[in-house]
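Let's take a predicted model and ask where its labels come from. Each answer holds a value up against the definition behind it.

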Amino acid sequence: MTQARTRLTTDIDYASKGKQLGFLRLVHSDDRYAFGILPIPLAVIANGDGPTMLLTSGTHGDEYEGQILLHDLIRNLDPARVTGRLIILPALNFPAVMAASRVSPLDQGNLNRAFPGEADGGPTSAIAHYLTSVVLPMTNAAADLHSGGTTGMYVPSVYLHGGGDAGLRKRKLDGARAFGLPYTVCAMATSDSRSMSAQCDRMGIPMVATEFPGAASIDIDSLAIGRAGLMRLLHHFGVLPEAPPRDRFHDTKLITPTGAGSLVMAPLDGLFEPLVGLGARVTKGQPVARIHPIGEIERASAELMAPHDGLIMVRRANTLVTRGDYVYRLARDFSEAEYLA
Ligand SMILES: [Zn+2]
């Protein structure tokens with residue numbers, strides 16, 4: 001294989017066995033880093049012959065459940081249990097992770113809108129390009145672990161991009177079922193061609209993403225569900241031969257966000273009072289939130305209604321809202337036949 005042109009380097013030898021811990025060096029020069037490198041943590045755990053699986057988190061820096069799951073895996077997984085190779089990048093957009101920010105403070109880059117990336121682009125684009133040109137070509141399956149981030153909370157879910165042919169979609173769906181989170185979100189109309197999922201679709205690699213509750217925090221129950229599910233996913237894709245227990249397994253429910261009509265927006269500035277929780281089933285016209293205007297206490301609070309029957313998939317985490325902010329995103333039930341069509 002000829003080495004792809006990239007400005008990222010590493011001392012890790014992807015072909016070696018055992019557990020190697022190190023980093024990718026991303027050279028970047030600005031007021032803060034004149035001659036510095038950005039060390040993006042990298043672990044490679046390999047043993048015997050088998051498939052290669054890529055695991056990433058910190059694609060958005062303020063999403064934490066996945067980062068903790070991958071730190072845990074790096075520290076505790078004995079290479080002797082692996083057949084094949086795990087490539088683990090727990091803080092993929094390292095500058096964003098260190099800034100507790102969704103996007104990179106260096107170039108405002110959203111790494112999940114930067115694929116396929118450019119070798120000579122800004123730091124975020126260069127990271128995407130390294131994955132596209134060096135890591136993904138040796139990857140047989142991938143998982144990118146997201147959460148709701150600072151402003152949002154999701155139902156614990158596998159998130160599947162709508163791209164790829166029916167065969168690839170089936171492989172992704174089988175991965176989602178093995179993961180066993182409560183929900184699987186099939187993102188169809190809302191898929192973005194610049195995401196890592198879309199890049200994997202273009203390269204024929206089955207990839208599952210996740211959404212954990214988020215709110216820039218850790219939901220203990222969801223973390224436990226995610227930890228058990230991640231081991232099942234590694235087994236499903238052939239990297240862990242020993243079958244893990246069906247601990248905290250959920251027969252995942254397929255849902256899909258219902259386009260622009262799925263958003264419930266704040267019609268005025270104020271305080272968001274949720275009336276229903278994440279995962280609640282709501283009916284069209286049901287009151288789901290109140291917005292209390294702060295500076296006009298003589299004015300009645302605004303009552304927001306569900307725009308259609310559905311399930312609360314995303315909830316705003318912040319209470320202070322500005323007119324136009326979304327406070328909920330709804331989803332409807334979806335089926336395997338619709339996803340594979
Ligand atoms: Zn994210």
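What follows is a short run of questions and answers on domains, a sheet and a core.

Q: What should I know about the model and its numbering first?
A: This one is predicted, so local features need pLDDT of at least 70, side-chain atom pairs count only at pLDDT 80 or more, and totals for chains, interfaces and linings use all residues. Residues are numbered from 1 along each chain as its sequence is written.

Q: What makes the protein chain split into domain 1 and domain 2, and where do they run?
A: The bounds come from an automatic or database domain assignment, and here that gives 8-256 for domain 1 and 261-331 for domain 2. Their C-alpha centres are 31 Å apart.

Q: How many residues of domain 1 and domain 2 are in contact?
A: Contact is called when two C-beta atoms, placed from the backbone, lie within 7 Å. By that test, 11 residues of domain 1 meet 10 residues of domain 2. On the domain 1 side, β7 (152-154) and β11 (253-257) are the elements that give two or more residues, and β7 has the largest share, with 3 residues. Strands here are DSSP runs of E, at least two residues long, numbered from the N terminus.

Q: What classes of residue make up the side of domain 1 that touches domain 2?
A: Asp, Glu, Lys and Arg count as charged; Ala, Val, Leu, Ile, Met, Phe, Trp, Tyr, Cys and Pro as nonpolar; the others, Gly among them, as polar. That side has 6 nonpolar, 5 polar and no charged residues.

Q: Why are β13 and β18 said to pair?
A: Pairing takes at least two DSSP bridges between the strands. β13 and β18 have 2 bridges, in the antiparallel sense, so they qualify. One partnership is G270 with V321 in β18.

Q: How many bridges join β13 to β15?
A: There are 4, between residues 270-274 and 287-292, running antiparallel. Along β15, F272 sits opposite I291, and L271 has H292 as its bridge partner.

Q: What makes β16 and β18 edge strands?
A: Each pairs on one side only. The open antiparallel sheet has 4 strands in the order β16-β15-β13-β18.

Q: What makes a nonpolar core, and how many residues has the largest?
A: A core is a set of buried Ala, Val, Leu, Ile, Met, Phe, Trp, Tyr and Cys residues joined through C-beta atoms within 7 Å. Buried means 20 or more other C-beta atoms within 10 Å of a residue's own. The largest core has 91 residues, and M313 is one of those with the most contacts inside it. Both domains give at least three residues to this core.

Technical notes
Buried ≥ 20, exposed ≤ 12 C-beta atoms within 10 Å, placed from the backbone.
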